[in-house]
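Dear colleague,

I am handing over the structure we spoke about, and below it you will find some notes on what turned up. Please keep the view open as you read, so that each point can be followed by eye.

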Amino acid sequence: VLLNAAEDAGLDRAKTRAYLDSDDGIDAVKQKVKHGQRLGITGVPFYIINDRYGISGAETPETFIEAFEKVFSCKKE
């Protein structure tokens with residue numbers, strides 16, 4: 001499925017397979033996992049907006065709009 005999605009996105013199938021079969025990028029993934037654990041993230045989906053607001057779980061569009069409005073208003077100040 002991943003290879004088909006990569007190919008549909010215009011990526012080379014063989015290069016994508018080689019990357020997925022390798023350990024390339026594993027350190028970056030481990031760092032992201034540790035960062036998420038420090039933030040208290042315990043499940044998915046979890047969204048971090050502008051490194052400031054976290055939204056956990058499936059939420060309404062209004063919840064996201066509210067978070068984006070907060071981010072936008074902070075940038076104006």
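In this model, which is a predicted one, there is 1 aromatic pair. The two partners are Tyr 47 and Phe 64, whose rings meet edge-to-face, with 5.0 Å from centre to centre and 80 degrees between the planes; the label edge-to-face applies because the planes are over 60 degrees apart. Tyr 47 belongs to strand β1, which covers residues 46-49, while Phe 64 sits in helix α4, covering residues 61-76, and so the pair ties together parts that lie 17 residues apart in sequence.

Are the two partners buried or exposed, or something in between? Phe 64 has a relative accessibility of 18% and therefore counts as buried, since the cut-off for that word is under 20%. Tyr 47, by contrast, has a relative accessible area of 37% and is therefore described as partly exposed.

A second residue to look for is Thr 16, which you will find in helix α2, made up of residues 13-21. Its relative accessible area is 15%, so Thr 16 is buried. Which residues does Thr 16 touch, once those up to four places away in sequence are set aside? They are Leu 3, Ala 6 and Leu 11.

Stepping back to the whole chain, the protein contains 4 helices and 2 strands, and if you follow the sequence from its start you will meet them in the pattern α-α-α-β-β-α. As for the overall dimensions, the C-alpha atoms fill a box of roughly 45 × 30 × 25 Å along the principal axes. The radius of gyration is 17 Å, whereas a compact globule of 77 residues would have one near 11 Å.

Two further values help to fill in this picture. Of the 77 residues, 12% count as buried, and Thr 16 and Phe 64 are both buried by that cut-off. Among the contacts with a separation of 6 or more, 3% come from residues that are 24 or more positions apart.

Finally, a word about the surface and the charges. The accessible surface comes to about 6600 Å², and carbon and sulfur atoms account for 54% of that area. The side chains include 11 that are positive and 13 that are negative, and the centres of these two sets lie 6 Å apart.

With best wishes

Note on methods:
Residues are numbered from 1 along each chain as its sequence is written. This is a predicted model: local features need pLDDT of at least 70, side-chain atom pairs count only at pLDDT 80 or more; totals for chains, interfaces and linings use all residues. Side-chain values use heavy atoms; hydrogens and water are left out. The radius of gyration is taken over C-alpha atoms; the globule rule is 2.2 Å times the number of residues to the power 0.38. Buried means under 20% relative accessible area, exposed over 50%, partly exposed in between (1.4 Å probe, protein chains only). Contact means heavy atoms within 4.5 Å. Accessible areas come from the Shrake-Rupley method with a 1.4 Å probe; for residues, only the protein chains shown count as cover. Lys and Arg count as positive and Asp and Glu as negative; His and the chain ends are not counted. The place of a charge is taken as NZ of Lys, CZ of Arg, CG of Asp or CD of Glu. Rings of Phe, Tyr and Trp (its six-membered ring) pair if their centres lie within 6.5 Å; planes under 30 degrees apart count as stacked, over 60 as edge-to-face and the rest as tilted.
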